[in-house]
Structure formats: C-alpha cells, structure tokens
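Open the model in your viewer and keep the sequence panel at hand. We will go from one selection to the next, pausing at each stop to see what is there.

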Amino acid sequence: MTNDVKESFSADSPPAPAALAAKVRTLAPSMTRSMQRVAEAVAGDPAGCAALTVTGLAELTGTSEATVVRTARLLGYPGYRDLRLALAGLAAHQQSGRAPAVTADIAVDDPIADVVAKLAYDEQQTLADTAAGLDTVQLGAAVAAAATARRIDVYGVGASSLVGQDLAQKLLRIGLIAHAHTDPHLAVTNAVQLRPGDVAIAITHSGSTGDVIEPLRVAFDHGATTIAITGRPDGPVTQYADHILTTSTARESELRPAAMSSRTSQLLVVDCLFIGVAQRTYETAAPALSASYEALAHRHSPRSR
C-alpha cells in the first residue's frame, strides 16, 4: 500500500468503534499475512482481544508486538491502547443487542423468508461499512471535478458496467455530458479525446480489471481528472486515479458472488457523487431534471400516442 493510500484511511481522530469492523474488511486484503491474523482476531472477538495486552494479542495471533502496533496504526489508531478502547466499545455495541445475529451465509435449503432476512441484513451492513470507510475529502474533490467537467466518461465491465450506466444516466438528466463505456475498445478510443477539464471515472471492485484500468490510464495520461471507485484502495487502478472512493469489501458466498454485494456499495458511492454534483450545479441541474421529468411524462401520456 502506498503512503497516499495509507493517508487516505488515516483520520485526525481514531475511527469510531462501529467503523472498526468495516475498516478491517476493507484493508485486510492489502495487509501482510501476519497483520491479517491480528485484524481477523480483533474483528472476530473484540471483547476477548480488548482484554489482552499487546503481548497477549501477539501471542494469540502468533505474531510480534510490532506487528500488532503496526496493524493498529493501519486501522487508524495512534497505538494499541486506542485500539483496545475501540474494541471494548465494539464489544459493548454487540452485547447491547443492536447487532443482529443473522449472517448472510445462505444455504441451498434455506426457507425463502430466511433468504430475505439474510440478504436484507447483508445489504444494510454493506452500506454501513461503505459509509464508514468513505473518505469525504476525496469525495468532495471528486464532486468538485465532476461538477465543472466539460465531459465525463465512465468505465466499467460486468456488474460494474450497470453501476456506470446508472451514474451516466443520472448526470445526463441534470444537463451534464456523460457517457458510460462498456466496450473496452471504445472506452480507450474515447479516453484519447479527453483533456484537462474532463473527468474519467473507473468502477472496479477488484481494482485490477484491465479493461477498466487501461482507459483510465489513457485518460490520466491525457490530463483528465481521474476517479477510481474500488474495493481495493491499493489495487492497480489507483495508480492512475487522482481521487479514490473506496467501497466495502464484499462478503462472498457460493450463492451470492461478489458482484452482487459489491454493486450495493458501488451504487451508494455513485449516489453520493451524483447528489454532490447536483447540489453544486443546482441552478442548472434543477431545471434540467424538471425538463426530463416533463418529457418522460409527456411520452407516456395518452395524448402523445
């Protein structure tokens, strides 16, 4: 992980206890294996780990005291003492009964009512995790760039392409010039036309989708402001991103692939970006949105047929 990525996850004050689990899920894939063991331990048993000294946690995870301290700092805490306080708070939150016991591990023979309950809980948790980990400074900078852009290109493939199309359609309805590119060849040929003052947005949960990275690289090289919406803040896509908007790491299962749960967090980030742009361009966005509503209403009215 680069220093820039580390800094994007470091706040002036330690994250709230409720955000700890979200940070672990987001950052764990980019940690060393020894740091992952520490992170998994504190997320899995916050009450038990809160009672341990730094030496005790190091022994429990088969790591060193230095690794424990480094993990605490990567998660946003000045030291292990601060992490222990957060763990105690998280444990109290869970014991209060506010955290549902249901998980999203759907079995092939689950009743449909259980499927609904598990998916609903997982969707809620994914949104909460994404909100907790989203850097509002990065988001504000992305909003500012998009609000004044001459043109906005959005890149995504697979499930991410659906999210990209959703964003482009929203921006079009408030009067901005926005295009979602799902064909990788067209994406690159369009990226070549971008220049300073334009914006390119790449959406990739893994952060390593070549068909998305390549047009973003081209846009970056041509001077456009680039934005990455990704679940991996240390992924290859971020080396060509001026601004990084992080989504929650998906909890994948056999019956629910990552594409489903990652899409939920991506849509939240897209909606936050869109609302921010609409706020900044309200004088032109509001009339444009009204005009689009009227046009659609007229199209579906009996008289227009």
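## First stop: a glycine in a loop

Select Gly 158, which sits in the loop that runs between strand E1 (152-155) and helix H10 (159-173). Keep in mind throughout that this is a predicted model. Is Gly 158 buried or exposed? Its relative accessibility is 52%, and exposed means over 50%, so Gly 158 counts as exposed. Now add Thr 204 to the selection and draw a distance between the two C-alpha atoms: Gly 158 and Thr 204 are 46 residues apart along the chain, and the separation is 9.3 Å.

## Zoom out: the whole chain

Show the cartoon for the full chain, which has 14 helices and five strands. Of its 305 residues, 45% are buried. Switch on the surface next: the accessible area is about 14,800 Å², and carbon and sulfur atoms hold 55% of that. Among contacts with a separation of 6 or more, 71% are between residues 24 or more positions apart.

## Into the nonpolar cores

Hide the surface and select Ile 152, Leu 171, Ile 174, Ile 201, Leu 245 and Val 277. Within the largest nonpolar core, a set of 30 residues, these are the ones with the most contacts. Colour the elements that give two or more residues to this core: helix H9 (136-147), E1, H10, strand E3 (199-204), strand E4 (225-230) and helix H13 (258-280).

Which residues does Ile 152 touch, leaving aside those up to four places away in sequence? Show side chains for Ala 146, Leu 171, Leu 176, Ile 177, Ala 178, His 179, Val 199 and Ile 201, and you have the answer.

A second core, separate from this one, has 24 residues, including Leu 27, Met 31, Ala 58 and Tyr 77. Stay with Ala 58 and select helix H5 (residues 54-61), where Val 54, Gly 56, Leu 57, Ala 58 and Thr 61 are buried. Step just past the end of H5 to Gly 62, which has a positive phi of about 65 degrees.

## Salt bridges

Opposite charges in side chains can pair when the charged atoms come close. The structure has eight salt bridges, and three of them make good stops.

- **Arg 150 and Asp 198.** The closest N and O atoms in this salt bridge are 2.9 Å apart. Arg 150 is in the loop between H9 and E1, while Asp 198 is in the loop between helix H11 (184-191) and E3, so the pair ties together parts that are 48 residues apart in sequence. Compare the cover on each side: Arg 150 is partly exposed, with 36% relative accessible area, whereas Asp 198 is buried at 0%.
- **Asp 153 and Arg 151.** Here the closest N and O atoms of the salt bridge are 3.1 Å apart. Asp 153 and Arg 151 are both buried.
- **Asp 271 and Lys 170.** This salt bridge has its closest N and O atoms 3.3 Å apart. It links distant parts of the chain, with Asp 271 in helix H13 and Lys 170 in helix H10, 101 residues apart. Asp 271 is partly exposed at 32% relative accessibility, and Lys 170 is also partly exposed, at 22%.

For the last selection, keep Lys 170 and Asp 271 on screen and add Asp 166. Salt bridges with shared partners join Asp 166, Lys 170 and Asp 271 into one network.

Note on methods: Residues numbered from 1 in each chain as written. Predicted model: local features only at pLDDT ≥ 70, side-chain atom pairs only at ≥ 80, totals over all residues. Heavy atoms only, no water. Buried < 20%, exposed > 50% of the residue type's maximum accessible area, 1.4 Å probe, protein only. Helix = DSSP H or I, 4+ residues; strand = E, 2+ residues; numbered from the N terminus. Contact = heavy atoms within 4.5 Å. Areas by Shrake-Rupley, 256 points an atom, 1.4 Å probe, with all protein chains shown as cover. Core = buried A, V, L, I, M, F, W, Y, C linked by side-chain atoms within 4.5 Å. Salt bridge = Lys/Arg side-chain N within 4 Å of Asp/Glu carboxyl O.
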